[in-house]
Amino acid sequence: MTQLAQVAVSTTNIALMGSLGIGQVAAGGLALTLFNQIRTMCVGLITATGNQVATVVSAAEKRNTNADTEIRDVVRSSFLIATVAGLLGGLVLIGLGWALRWLWQDASVLAEARPMMVALAPGLLPCLWFQVLRQYSVGMQRPQALLLVTLASVGLNLVLALGFMHGWAGLPALGLTGIGVATSLVFLITFAVFWAMVRHDAELGATLPIRMWPVHGRTVLAELRLGTPIALTYGSEAGMFSVLALVMGTFGPAALAAHNVVYQLVYIVFQVAVGLSHGASILVSKAVAREEFRHARGLAWLALRQAAIVSAVVGVAYAAVPDLVLTVGQIGGKGEETVHLAHVLLLIAIVLQFFDAAQNIGNGLLRGVADTRAGFRLSLVGYWLVGLPTALLLAFPLGLEAAGVWWGLTAGLAATAGLMLRRYFTLLTRRERAEPRVLADSLPGTS
């Protein structure tokens, strides 16, 4: 539910861009794609925080000891990593606004996108701080306040975005850039509110560090050892989407606008899978810490079935009422070519989102067994050795253009999903066979 509320913010932004025109959808969608690329990689650095907290808690329960100091140490390290990543990521985003002119992008699209990228950059820092608190609350298995804050952010974002777009209530009329300003402000406000809620929660507040020091180097390094491969994995996937968005831009603003709108629709199902992936990942971490490998295997199949059901239901809507679905981007009547391409991509998305959800869950499962490096290696194979070459081959030599890009994307996601899930189940089988021999003396009743 939190993931759906979160994606509602970006979906609302796409709809507001559509009210300004196709050019604004192309430019704003490009800015959001690049922002999400950087944000996703930065979030990856701290995503393992939830797993670390869950593991520390489970280990303490098993030993019947107090884990408060260890939990605070993990959270402080995560805040430090988030701060450094947010500052550097914001600078990179601003720099990209000028670097893209050398990548064959439409000059008018870039002129609209640059100010919005500058407006989004400061929001990266509170966004990542919010994610630290999120991972902490999820690791402690108390995410209820997270859902409430995220739901409230949807309405707040809409009000602020409209105000800054049109200059309501004495605010400056910034047009497309106003959406970026509103988004950054929403990140800051939601972090402050969430911090207050977590601080006053009886259980979460007890182990939430108030001072951000001391930070122990060994804990930072441990988190980076887990988080860096996750960031690279996320970056590998988001990078392929970003590169293919640039490829779509070479076909003109209409193709880029159609791509941005349909991608946002697929992103909704993706975010549901993210929620299932986070939940399964935390529960797998706890199960593996207790050597409950059969349970860990069942959690994987449960998450995959749930994601498949959501993908199927949404796919039926794509096929049955495509015009209604596409109203999210307000592209109806704003260009026959854009509308036609959006319909084509929407049909491909029916297939794509099954594999997109599966690879996301596979990534979370590998995170649950602390095998984040394998996730990165497998993503390189699936996305860059299968997905990107297939997309370029279908788009250019075979002449499928926009449809070819999306079929290539589908192939990359399918390959990645298969590789990650195979790795996860293989690891469980190996550990299940090894644990009785290694831990027989310390685990009474193990046979």
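Which residues in α1 meet which residues in α2? The legends below take up this contact and then other views of the model, which is predicted.

**View 1. Helices α1 and α2 meet along a shared contact.** From α1 come N13, I14, M17, G18 and L20. From α2 come Q24, V25, G28, G29 and L32. The residues of this contact divide into five nonpolar, five polar and no charged.

**View 2. The axes of α1 and α2 cross at roughly 150°.** Helix α1 covers residues 2–20, and helix α2 covers residues 22–63. Two packed helices are described by the angle between their axes and the distance between the axes. Here the axes come within 8 Å. An angle over 145 degrees counts as roughly antiparallel. The two helices are therefore roughly antiparallel to each other.

**View 3. Q131 sits in helix α5.** This helix runs over residues 124–139. Is Q131 buried or exposed? Its relative accessible area is 7%. Buried means under 20%, so Q131 is buried. Leaving aside residues up to four places away in sequence, Q131 touches Q6, V43 and I46.

**View 4. Helix α6 has the span expected of its residues.** The helix holds 23 residues, 144–166. At 1.5 Å a residue, α6 should span 33 Å. The C-alpha atoms at its ends are 34 Å apart, which agrees. Just after α6 comes G167, with a positive phi of about 75°.

**View 5. Buried residues of α6 pack against other helices.** Which helices do they pack against? The partners are α1, α5 and α7, the last of these covering residues 176–199. The buried residues of α6 are A145, L146, V149, T150, S153, V154, N157, L160, A161, G163, F164 and M165.

**View 6. The protein chain as the setting for the close-ups has 15 helices and zero strands.** Its radius of gyration is 22 Å, close to the 22 Å that the globule rule gives for 447 residues. The chain is therefore as compact as a globular protein of that length. Along its principal axes, the C-alpha trace spans about 70 × 50 × 40 Å. Buried residues make up 56% of the 447 residues. Among contacts between residues at least 6 apart in sequence, 83% join residues at least 24 apart.

Definitions and conventions: Residues are numbered from 1 along each chain as its sequence is written. This is a predicted model: local features need pLDDT of at least 70, side-chain atom pairs count only at pLDDT 80 or more; totals for chains, interfaces and linings use all residues. Side-chain values use heavy atoms; hydrogens and water are left out. Helices (H or I, at least four residues) and strands (E, at least two) are DSSP runs, numbered from the N terminus. Buried means under 20% relative accessible area, exposed over 50%, partly exposed in between (1.4 Å probe, protein chains only). Contact means heavy atoms within 4.5 Å. Axes are lines fitted to C-alpha atoms, for helices over the stretch in contact, and angles run from 0 to 180 degrees between N-to-C directions. Angles under 35 degrees count as roughly parallel, over 145 as roughly antiparallel, 65 to 115 as roughly perpendicular and the rest as oblique. Ala, Val, Leu, Ile, Met, Phe, Trp, Tyr, Cys and Pro count as nonpolar, Asp, Glu, Lys and Arg as charged, and the others, Gly among them, as polar. The expected span of a helix is 1.5 Å times one less than its number of residues. The radius of gyration is taken over C-alpha atoms; the globule rule is 2.2 Å times the number of residues to the power 0.38.
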